[in-house]
Amino acid sequence: MQINGSKILILGGWGLVGSAICHKLMEHSPAQLIVSSLKKSEAEDAVEQLRKEYSDKDPKMFVPAWGNIFTREEWKNENWWNVISEPDSRRGVVEDIFFELDDDVLNRSALYRMIADHKPDVVIDCINTATAIAYLDTYNTTLDTIKKMDQGTLDNEAVERLMASSYIPQLIRHVQIFNKGLNDAGTQLYLKIGTSGTGGMGMNIPYTHSEERPSRVLLSKTACAGAQSLLLFLMARTPGGPKVKEIKPTAAIAWKRVAHDSVKKHGQPIKLVDMDYSNAKPAEGKFVFDDFNNIEETGGVYQSIFIDTGENGIFSKAEFQAISSLGQMEIVTPEEIAEYAVFEIAGGNTGKDVMQGLDSFTMGPTYRGGLLRNTAMEMLNKLEEETGIDSIAFELLGPPRLSKLLFEAYLIRKVAETMEDAVAFKPEDLANEANKILNSNNKLRSEMLSIGLVILTPDGKNYLRGKEVKIPVRRAQDELDLTPENIEQWCYEGWIDLRPQNFKAWQDRLNEIMKQANSLPEGVTSSRYTYTKGYWNNFKAIDEGKIVGWIFEFEDKGWRFKR
């Protein structure tokens, strides 16, 4: 796409890669760079540095943005551990992760608000999402919960903390919010700078934070990174959304600066402590973790020479020498990543886009599969004729809407036989005839109810159900209100709706199908068109499978984007 004149949001723009990308983008004259970081001071520092370096540009083109994009707008500047330490906010975190994605959840989200407020043409995401999620460490949280269970002290806080540390639900919600935000803002392209989680090394990676080898926390980081790539793969295959790309460095990224300064951990200088040899503890009995006796603070802080690798922290000379050695993580520079990223944004093909790789190497539909599909359909049709059994829906594939639509189309076929006949009925007559069929055909009715469908009678005042109900979905509730609004939603999602207005909707649908086919040029025999009159048997039949496939494509916009 055209970078010149575009508004670009760089998430993690203060960091090592984000900063390099900002500089590379400036070679292409963007209209505005919105540079985000976790802290306000970081974002403002990044913007100030850009304004100094590009003093010939309008300083207003560099805009700072900040806050934790993984939480609510109201908590984006709060310490995360403080957020989950308060009962109300901790419960809010759990609800934001596990409840359905609605407008309330979206509008509370710091990520959604940032995208909605700036409406960028391009979003470049340099945040290490996998680390942010995986290092919440569900393993230790689980061990703490088990300990409380064994002690009989399990409380709401422990359960909620465990829920708030769940990796995949958090990642799914993050990607859902991203997808909705990008679509609502009209963003044209989203580029993710991803991670492999191990700097390109395998399960033999020796670098852990005191955990077992390989570290489960580190493997969780890799798992989250992989899961995110496949979720982005789905975003890339969604029509109407932004173009989606991902570049995934698989080496240690270095470097930002070399310095002699305080060594910091979690943003704070490491305080020096000491223990005199005369106070050495006996190596027997028990090792007590919180035994701080005779440990003295020296009053100083750890200062040394180090190389700053940005988000991955600072390394001593020896640490850097070891980690970057041939055969270890080695290194890739942020400028190289930036060059690849900007080239991809501008429409180039670096061969490093993960989405392109997945497109190329995943196995899609085949000619043989399409050919044999016809053979399968012939065998299914023949078996239906031989047994007198109509094969409609089992509700094993999902969603319940699929089964509902198939059965409703089947009922119309049993009443009217052809599309042309079906649209000639009065909706009330279609509803009454369909109701008569279900009232008299115990087998058909039983099949519907037994797979979890609910049947709403033509007057809308009564319903039939089986022991299992697919819609509404039960989410920890024992009952729900049968309000008109709920009933309408449930009918859309999976209830077989025998009301006349639903059959009027079906007639409109069939008319649209016939109108679409009739609008095609007569006598065309090329491969250009799919839904021709011939495809619909010249409207002399009702094929519920074909019709519902059309509904999912044209009404629900659920068609396959890449073939």
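This dialogue reads a sheet and two nonpolar cores in a predicted model.

Q: How are the strands ordered in the open sheet of three strands?

A: Strands of a sheet pair through backbone hydrogen bonds, in a parallel or antiparallel way. Here the order is S8-S13-S14, and the pairing is antiparallel.

Q: Which are the edge strands?

A: They are strand S8 (257-262) and strand S14 (314-316). Each of them pairs on one side only.

Q: By how many degrees are neighbouring strands of this sheet turned against each other?

A: The average is 45 degrees, with direction ignored.

Q: Over how many bridges do S13 and S14 pair?

A: Strand S13, residues 303-308, pairs with S14 over three bridges, in the antiparallel sense. Look for phenylalanine 306: serine 316 in S14 stands opposite.

Q: What is the largest nonpolar core made of?

A: In soluble globular proteins, nonpolar side chains tend to be buried together. In this model the largest such core has 41 residues. Phe407, Leu411, Met419, Trp536 and Ile547 have the most contacts inside it.

Q: Which elements give two or more residues to this core?

A: Six helices are worth tracing: H16 (400-416), H17 (419-422), H18 (427-440), H19 (442-450), H21 (500-518) and H22 (544-554). H16 gives the most, with ten residues.

Q: Which residues does isoleucine 547 touch?

A: Leaving out residues up to four places away in sequence, isoleucine 547 touches Met419, Trp506, Leu510, Ile513, Trp536 and Ile542.

Q: What does the second, separate core include?

A: Leu9, Ala116, Phe178 and Ala236 are among its 34 residues.

How values were computed:
Residues numbered from 1 in each chain as written. Predicted model: local features only at pLDDT ≥ 70, side-chain atom pairs only at ≥ 80, totals over all residues. Heavy atoms only, no water. Pairing = 2+ DSSP bridges. Helix = DSSP H or I, 4+ residues; strand = E, 2+ residues; numbered from the N terminus. Axes fitted to C-alpha atoms, helices over the stretch in contact; angles between N-to-C directions. Core = buried A, V, L, I, M, F, W, Y, C linked by side-chain atoms within 4.5 Å. Buried < 20%, exposed > 50% of the residue type's maximum accessible area, 1.4 Å probe, protein only. Contact = heavy atoms within 4.5 Å.
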